[in-house]
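Let's work through a pair of exercises on the empty spaces inside and along a protein model. Keep the viewer open and try each task before reading its solution.

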Amino acid sequence: VDAAAFHVLPGLPPAWKSDEQMAFIVGTLFFVVVVGVIDTRLPWPRPRRPGSQQ
Amino acid sequence: VIAGHFGFAAMVKARERQVPLWALMLASVWLDIVFVPLFLTGIETIALAPGAHGGYASGIIHANYTHSLVGAALLAAAFGWVCAVPWGRRSGVVLGLVVFSHWVLDLIVHRPDLPLLPGNAGGFATLGLGLWRWPVAAAAVELALVIPGAWLYWRAARSVSHTAHRPARLAALTGALVLSGGLAVLALDVTGVLG
């Protein structure tokens with residue numbers, strides 16, 4: 001857990017009270033999606049599925 | 001420590017190449033993802049450490065379910081088990097271990113706030129080596145995960161591209177994204193933009 005991303009404020013969900021914090025969380029998730037999508041285009045070996053003969 | 005967790009995920013990808021990077025990154029912060037709804041409902045909380053003023057490395061985190069030793073192990077086992085269904089046992093084990101690596105890295109940086117049992121049952125002593133008391137050192141540890149992680153990832157991506165007779169541009173682009181994204185997350189975190 002990173003306290004900076006979940007700043008402490010009373011009442012409503014703290015992370016929703018700050019535009020910067022929400023932007024950080026959404027941006028981090030967007031980063032994972034973008035990097036993940038590009039990574040899947042690389043010729044990595046495929047995961048060996050259960051029961052496959054690979 | 002979000003950037004540090006991502007850096008570790010990139011390191012693992014360089015070795016366990018069959019596991020998708022997005023799944024490794026998701027696994028590396030899975031405990032925090034489960035933490036969010038518990039935090040929003042007040043079941044798990046964060047308080048400021050004495051003398052701290054908010055921002056990076058300032059929290060005492062009462063994540064007594066998601067970040068307890070046994071809770072983290074259970075979440076890791078569940079994540080790995082689910083992933084083993086489509087991707088096989090080895091990938092499931094790898095992803096489960098990456099989930100649990102989150103607890104180990106948090107153990108290094110957290111002040112003593114990590115319980116042994118879910119809900120801090122039994123009232124045992126809580127764990128944490130407290131590197132966050134020295135934020136510069138904590139940030140250096142994160143850097144030491146992000147930079148080598150991105151480099152190892154790029155080297156592995158370049159290698160598989162070369163083997164498949166594909167241009168290395170995409171490998172370079174992804175490696176650069178892993179590095180720049182990790183550094184950006186760390187910079188936003190450390191500079192207090194968030195808090």
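## Exercise 1: the cavity

Start with this: α1(B) is the top contributor to the lining of the largest cavity, giving three residues. Bear in mind as you work that the model is predicted.

**Task.** Find which residues line the largest cavity, and sort them by class.

**Solution.**

1. Searching the whole structure for cavities of 30 Å³ or more turns up one. The largest cavity holds about 50 Å³ of space.
2. Its lining consists of A:F31 from chain A, together with B:A3, B:F6, B:G7, B:M25, B:V146, B:V178 and B:G182 from chain B.
3. Next, look at the elements: α1 (2-15) and α7 (169-190) of chain B are those that give two or more residues to this lining.
4. Now sort by class: six lining residues are nonpolar, two are polar and none is charged. Gly counts as polar, so B:G7 and B:G182 belong to the polar class.

## Exercise 2: the pocket

**Task.** Locate the second largest pocket: which residues are closest to its centre, and how many of its lining residues are charged?

**Solution.**

1. The volume of the second largest pocket is about 170 Å³.
2. Of its 15 lining residues, A:P45, A:R46, A:P47, B:Q18 and B:P20 are the closest to the centre.
3. Turning to elements, α1 (19-40) of chain A and α4 (69-87) of chain B each supply at least two residues of the lining.
4. Finally, the classes: this lining has five charged residues, along with eight nonpolar and two polar ones.

Methods: Residues numbered from 1 in each chain as written. Chains lettered and ligands numbered in written order. Predicted model: local features only at pLDDT ≥ 70, side-chain atom pairs only at ≥ 80, totals over all residues. Heavy atoms only, no water. 1 Å grid on protein atoms, 1.4 Å probe; cavity = no way out; pocket = protein on both sides within 12 Å on 5 of 7 lines; lining within 4 Å. Points joined across faces, edges and corners; volume = space filled by probe spheres on them. Helix = DSSP H or I, 4+ residues; strand = E, 2+ residues; numbered from the N terminus.
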